[in-house]
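Me: Take a close look at one helix for me, please, and then walk me outward from there. Keep it informal, and spell out the cut-offs as you go.

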Number of protein chains: 2
Amino acid sequence: MIAELITIGDEILIGQIVDTNSAWIAENLNLIGVSVNRIVSISDSKDIIQNTINEAFINANVVILTGGLGPTNDDITKSTLNEYFNGNLVIHESTLEHIATLFKSRGLGLTELNRKQAEVPDCCTVLLNKLGTAPGMWFEKEGRILISLPGVPFEMIGLMKNEVLPRLSKLIINQIVVHRTIQTFGLPESFLAEKLSDWENQLPKQVKLAYLPSPTSIRLRLSAYGEKGSNLQGTIESEVNKLYKVIPTYIFGEGDITLQEVTGQLLKMSNTSLSTAESCTGGTISHLITQIPGSSDYFKGSIVAYSNKVKEELLGIDPEIIRVNGAVSKPVVEAMAKAVKTKLKTDYSIAVSGIAGPDGGTLDKPVGTVWIAIASNKSLYSKEIRFTSDRTRNIIRSSATALNMLRLMIIDENI
Amino acid sequence: MIAELITIGDEILIGQIVDTNSAWIAENLNLIGVSVNRIVSISDSKDIIQNTINEAFINANVVILTGGLGPTNDDITKSTLNEYFNGNLVIHESTLEHIATLFKSRGLGLTELNRKQAEVPDCCTVLLNKLGTAPGMWFEKEGRILISLPGVPFEMIGLMKNEVLPRLSKLIINQIVVHRTIQTFGLPESFLAEKLSDWENQLPKQVKLAYLPSPTSIRLRLSAYGEKGSNLQGTIESEVNKLYKVIPTYIFGEGDITLQEVTGQLLKMSNTSLSTAESCTGGTISHLITQIPGSSDYFKGSIVAYSNKVKEELLGIDPEIIRVNGAVSKPVVEAMAKAVKTKLKTDYSIAVSGIAGPDGGTLDKPVGTVWIAIASNKSLYSKEIRFTSDRTRNIIRSSATALNMLRLMIIDENI
């Protein structure tokens, strides 16, 4: 079954809101084996809506429309669909009752505009919207299905879960889809692609691979499409197992997991604790770690030593070491890692010192030069990395690199 | 000028990512007077891409494509456009140099895949992508323009700002649009709307107002549309002046400025310095402040005291005060502010202690209870706030509230 999504309303076209509805609908259609062919955002105009529906039905057998069902004059989806399907608008009694109850509970009476919301084309199946006033509508014509839903996200989600997905599931008998996402860190996309080329070339035809890069990971998404009964789960499983053998240390998790979540889980599992001493990352590592609920179990705190005076006075770094080597150097970052670990009495520590930019670079240490150290009760490891000239990106890449170095050290020492 | 946006890639169609690029592009095209007619998301398929471009050119004179420009096999936008415009792929020397430099700075050599990223159709104008490896491309044919940009948001934004928007602006000659955005903090949207209703009702017809809320501000965007020669700038100016009189203390700046930038500017202007002591915000305030280039001029550092032990040992908070009042209390947060200010020898300090959630709430102090203190050489001010049950939102709202309290104190003491 192939679907097309149409969102109606100017808010999206002028960039006032981001269209999160389509992503939600697409994801949930995919999970029941309906693939989404196209997503289109258009304005509140009768001709455009009708033309877009005609276009959509060329390739899709299900069209889901969201938006344009409000009570005001600029909401024309319902009247447009009524015309498109040659219907007549009639009052839908249980919707009217539901709206009246809703307004009564707020101490309000029914206005003419509210009554009009209970009107529906007599040629559709009404999907009762328990969470709002605009009913959903399900039309069928010549073997094709058109579903109209309100644009308010939680009302749309309610109708999709309670009405649309169960009805569509019943109609799908043949096809299935399986997805799996593997998170990697540490290899740029082109290097990763080269390392994976043999594996990629031997993938079975029904498995598709996509690279999804971000500053904090490159996700590899495997999707398998097939007929009901085929063992897609098994096919994907066996390909993923091969993948783990090709790039074992670069994979840090699956699905939506982040480096800070994985590192947190490892600290929890090994019953160890963490502190950070941050210079150029300015508290970003601490910020990322404490985004995770329950992080207080393993994270004790951080010293953000942005000025050299704070490095000396709060972390106790010998001013002479800073003078001789510079603040962005192996001896300083290693001393920072040792100091914060001792002061905050933790099992592990991270220290970062670098030149985030845009200023502060030298010929010897250009903008993007970053030293990272990881200390444990057994070892001390540090590394110099050269990032780019973009400040925000340098900070987030340094933080992710530090978390990944910690991840590898915990695995090495505990597993 | 009418534009259509096309995003290419399965990630959006399977709902794995939300399409934030289109909203950004649409908003910024609108700002220069280009209206967006339609936004379409399609998959990586040559025929579909070419058909969608043909369809788009029926109504639009500018088409902007994003995505599908990566180095891997699933990225086919470049070859598809090359074929569509009957071009030949040739190496673009300055892009190749740029890619080589980028990889060299990371200590990496060039692979064949990287070299291929420097190939472009010989029938386009190359838009050099300083922030990544995939170049942007600008095609013109029969008076129509097609622009292809990478899908990575910060690369797309860089190319739009530096190349696309300036070029398109030059092509628009008759219409003018003037926008002005006022940033406010401290009043919820409905309260702000009520306070502004008289002012809003008297706005001239050609001026439109939009409320753009986010966790860290509510932006008020005024847009005036008219023909070249009309004094839109003057009209907007006079309306903004009235606005400043209605909500003087709630306005913290204009345009894209953030609370951390404004606060930084105030610290710089008053030649004063700042430190922070963070518990529930976990380094987020420090992270926000150090995002700003040059923040080392006024920001000295932070003590992220996530555990009570760190509050006692590193900040020197009397354990008895914590025992009697709890860590989330006026005495503790005020002691934290004083301690970090003294230890880091700064003129101002911020301290935050709260229950971010999802756990840790009590009947007395439910999740979302946050104490914030601001200390200066002259005064100490603290405040309790009740946020919601959402952890991420509580952390960002606490951080923004603390920055805004600091802003008001600096203004009060220095201006």
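Reply: Helix α5 of chain B covers residues 93-105, which is 13 residues. From its first C-alpha to its last it reaches 18 Å, close to the 18 Å expected at 1.5 Å a residue; the expected span is 1.5 Å times one less than the number of residues. Just past α5(B), G107(B) has a positive phi of about 75 degrees.

Some ground rules. The model is predicted, with local features needing pLDDT of at least 70 and side-chain atom pairs counting only at pLDDT 80 or more, while totals for chains, interfaces and linings use all residues. Residues are numbered from 1 along each chain as its sequence is written, with chains lettered from A and ligands numbered from 1 in the order in which they are written. Helices (H or I, at least four residues) and strands (E, at least two) are DSSP runs numbered from the N terminus.

Staying in chain B, helix α3 (residues 46-59) lies across β1, β2, β3 and β8, running at about 165 degrees to β1(B). Angles here go from 0 to 180 degrees between N-to-C directions, and axes are lines fitted to C-alpha atoms, for helices over the stretch in contact. One of those strands, β8(B) (residues 144-149), is joined by five bridges to β7(B) (residues 136-141), and the two run antiparallel. In that pair E140(B) sits opposite I145(B).

Those strands belong to something that spans both chains. It is an open sheet of twelve strands with mixed pairing, in the order β6(A)-β7(A)-β8(A)-β3(A)-β1(A)-β2(A)-β2(B)-β1(B)-β3(B)-β8(B)-β7(B)-β6(B); strands count as paired if DSSP finds at least two bridges between them. At the edges are β6(A) and β6(B), each with a single partner strand, so one side of each has no neighbour in the sheet. From one strand to the next, the twist averages 15 degrees. The chains meet in this sheet through β2(A) and β2(B), which run antiparallel and share three bridges. There, V40(A) has V40(B) as its bridge partner.

Looking at the whole interface, 62 residues of chain B are in contact with 61 residues of chain A, contact being C-beta atoms, placed from the backbone, within 7 Å. Elements supplying at least two residues each to chain B's side include α2, β2, β10 and α15. The largest share, seven residues, comes from β14(B). By class, that side has 29 nonpolar, 23 polar and ten charged residues. Nonpolar means Ala, Val, Leu, Ile, Met, Phe, Trp, Tyr, Cys and Pro, charged means Asp, Glu, Lys and Arg, and the others, Gly among them, are polar.

Over in chain A, helices α2 (residues 20-31) and α7 (residues 153-171) pack at about 20 degrees with axes 10 Å apart. That angle makes α2(A) roughly parallel to α7(A), since angles under 35 degrees count as roughly parallel, over 145 as roughly antiparallel, 65 to 115 as roughly perpendicular and the rest as oblique. Their crossing is right-handed: the near helix is turned clockwise from the far one by less than a right angle, whereas anticlockwise would be left-handed. Among the residues that meet are W24(A) and I25(A) from α2(A), and M156(A) and I157(A) from α7(A). The contact has seven nonpolar, three polar and no charged residues.

Conventions
Contact = placed C-beta atoms within 7 Å.
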